[in-house]
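User: I should like to understand how the terms used for a protein model are justified. Please take me through the reasoning.

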Amino acid sequence: MDEQKKDDLEQQEQTPQVEVKPAGQFIQMKPFKFIMLMFFTILITAGLTIFALTFGEKKVVEVKVPIERAEFTKLYEAFDMLKSKYYKDIEDEKVVDGAINGMFDALDDPYSDFMVKDEAEKFNTGLSSSFQGIGAEIQERNGFITVVSPIKNSPAEKAGLLPKDIILTVDGKSIQGFSASEAVALIRGEKGTPVKLTVKRGENAEPIQLTIVRDDIPVETVYGEMLDGDIAHIQITSFSEQTADELEKILAEYEGKGMKGIVMDLRQNPGGYLDAALEISNLFVAEGKPIVQVQEKDEEPAIKNAIGGKKYNLPVTVLVDSGSASASEILAAALSESVGAKIVGETSFGKGTVQNVTPLKDGSNLKFTTGKWLTPKGNWINEKGIEPDVKVPYPSYASLPFLDASFEMKEGLQSEAVKAAEEMLEVLGYEPGKVDGVFDQYTERAVKKLQAASKLEETGVLTGETTYTLMDAIRTKMKSDDPQLLKAKELLTGGKE
């Protein structure tokens with residue numbers, strides 16, 4: 001029995017014991033689902049990797065915008081280089097705006113401009129509603145900001161700004177090389193605030209410092225008066241959304257008073273909306289006759305003819321000068337070539353192109369030339385202007401330089417400003433003696449006469465309120481002795497009242 005136990009023990013030692021584990025769990029999946037799972041896993045992993053590399057604190061790879069148009073390769077390269085290598089962080093939006101500005105500068109077109117949001121807002125208020133500023137239409141010409149025309153009754157007109165004056169600085173900052181929109185952004189401002197301008201008039205004239213107080217620029221664009229002989233003198237100062245309606249109201253009023261002829265005064269009118277010029281022209285041009293031709297890129301000129309409606313079949317003369325531009329010239333040409341009106345005054349400005357304003361999503365504007373306009377007979381007046389049928393210049397005193405009211409002129413002073421003051425005093429009949437630029441006893445006596453007539457303190461010193469009074473008197477005389485208006489009226493009446 002012991003042997004049997006021993007045999008049993010040995011058998012147990014020789015037989016290996018195998019550990020039995022519980023069976024595992026298996027997932028059964030169809031091949032298509034497995035493949036799709038692997039695909040999405042790879043896609044998500046790749047996306048997370050690119051995100052980390054692109055937006056992580058330390059970029060490993062520069063991810064560039066795909067270039068679909070070869071002409072922009074250089075632009076992207078320049079931007080990426082500045083972005084990565086410039087010594088400090090750049091403002092993306094500012095750099096991109098600068099690139100767009102560069103495109104417009106390269107056009108060498110004073111009427112095409114890129115306006116950032118603030119500039120666009122100021123531009124958009126200029127034609128459709130009142131705004132606050134000095135009231136002068138300006139443009140960039142040959143790198144300088146030039147006055148096209150001051151707006152009637154504006155601070156700019158009252159200060160004496162004239163067409164072709166060059167604005168050199170604004171509040172001491174040079175604006176040479178600025179676009180018109182950039183200059184406007186500096187010149188406009190809140191009502192009652194002053195802006196200091198350095199202005200140059202003429203080739204050899206010395207620049208003068210001028211302070212103009214900003215004000216509300218009125219929306220009214222049409223002014224009228226009935227002259228002797230039942231001749232209506234209608235002045236249009238600009239072409240806004242309301243101009244045609246304003247004109248129709250005045251014409252209806254004067255028609256009821258027996259109006260026999262019209263002097264259409266477009267002097268110092270810088271233009272505005274093309275549609276306004278077309279509406280006004282349609283009041284005078286017979287149905288079916290051309291008003292203007294507009295020619296866009298690679299197209300034949302499209303003729304815009306007058307349509308039916310109310311017509312004023314009366315004799316008309318048109319006044320223009322070097323400040324008459326754009327829509328003013330369209331109206332003048334239509335009245336001349338399709339109605340037979342005589343043009344009186346001086347050669348107009350000469351703007352024969354049409355612009356379109358396209359807003360961008362961020363509030364900025366693209367203003368660019370889309371075509372040129374031609375007169376009804378197909379003439380292009382760009383940079384030439386409209387020549388008057390009867391040329392009548394302004395009086396010589398109309399272009400005298402500004403007098404700085406903050407400056408004091410008194411006996412013993414000698415300067416070009418004194419000479420200008422003497423010319424004004426002489427024109428007004430105050431007898432300043434010899435006009436030689438020397439402020440002598442005769443000049444002093446003339447200033448005292450002016451002060452007495454204006455009920456000012458008789459100091460004999462030309463400064464402050466006395467200077468303003470002198471310049472106001474010159475403007476008043478020019479309006480009362482207006483040789484251009486008198487000639488335009490004479491052509492309608494034959495010299496008879």
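User: What makes E15, helix H10 and E16 a β-α-β unit, and which hand does the unit have?

Analyst: In this predicted model, strand E15 (residues 316-320), helix H10 (residues 327-339) and E16 make a β-α-β unit that is right-handed. A crossover is given that hand because, with the strands pointing away from the viewer, the path from the first strand over the helix to the second runs clockwise. E15 and E16 (residues 342-345) pair in the parallel sense over four bridges, and Val318 has Ile343 as its bridge partner in E16.

User: Why are E15 and E16 said to pair?

Analyst: Two strands pair if at least two bridges are found between them. E15 and E16 have four bridges, so the condition for pairing is met. The pairing of strand E12 (residues 261-265) with E15 likewise rests on four bridges, in the parallel sense. There, Thr317 is the bridge partner of Val263, and Leu319 is the bridge partner of Asp265.

User: Where do E12, E15 and E16 stand in the sheet?

Analyst: The open sheet has six strands in the order E10-E11-E12-E15-E16-E19, with mixed pairing. E10 (222-227) and E19 (390-391) are called edge strands because each pairs on one side only.

User: What is the reason for calling E15 mostly covered?

Analyst: A residue is buried if its relative accessible area is under 20%. Five of the five residues of E15 are buried. Val316, Val318 and Val320 point one way, while Thr317 and Leu319 point the other way, and all are buried. In general, the side chains of a regular strand alternate between the two faces of the sheet.

User: How do you know that the length of H10 agrees with its number of residues?

Analyst: At 1.5 Å a residue, the 13 residues of H10 should span 18 Å. The C-alpha atoms at its ends are 17 Å apart, which agrees. H10 is also mostly covered, with ten of its 13 residues buried, including Ile330, Leu331 and Leu335. Gly340, with a positive phi near 90°, follows the helix.

User: Why is the contact between Lys191 and Asp216 called a salt bridge?

Analyst: The cut-off is 4 Å between a side-chain nitrogen of Lys or Arg and a carboxyl oxygen of Asp or Glu. For Lys191 and Asp216 the N to O distance is 3.4 Å, so the pair is a salt bridge. The pair links distant parts of the chain, 25 residues apart: Lys191 is in the loop between helix H7 (180-187) and strand E7 (194-200), and Asp216 is in strand E9 (residues 215-217). Lys191, Asp215 and Asp216 are linked in a network of salt bridges.

User: What makes Lys191 and Asp216 partly exposed?

Analyst: Partly exposed residues lie between the limits of 20% and 50%. Lys191 has a relative accessible area of 48%, and Asp216 is at 37%, so both count as partly exposed.

User: How do you know that Lys310 and Glu255 form a salt bridge, and which parts of the chain does the pair link?

Analyst: Their side chains meet at 3.0 Å, N to O, which is within 4 Å and therefore satisfies the cut-off. Lys310 is in the loop between strand E14 (302-305) and E15, and Glu255 is in helix H8 (residues 243-256), 55 residues apart. The structure holds 15 salt bridges.

Terms used. Residues numbered from 1 in each chain as written. Predicted model: local features only at pLDDT ≥ 70, side-chain atom pairs only at ≥ 80, totals over all residues. Heavy atoms only, no water. Buried < 20%, exposed > 50% of the residue type's maximum accessible area, 1.4 Å probe, protein only. Helix = DSSP H or I, 4+ residues; strand = E, 2+ residues; numbered from the N terminus. Expected span 1.5 Å × (residues − 1).
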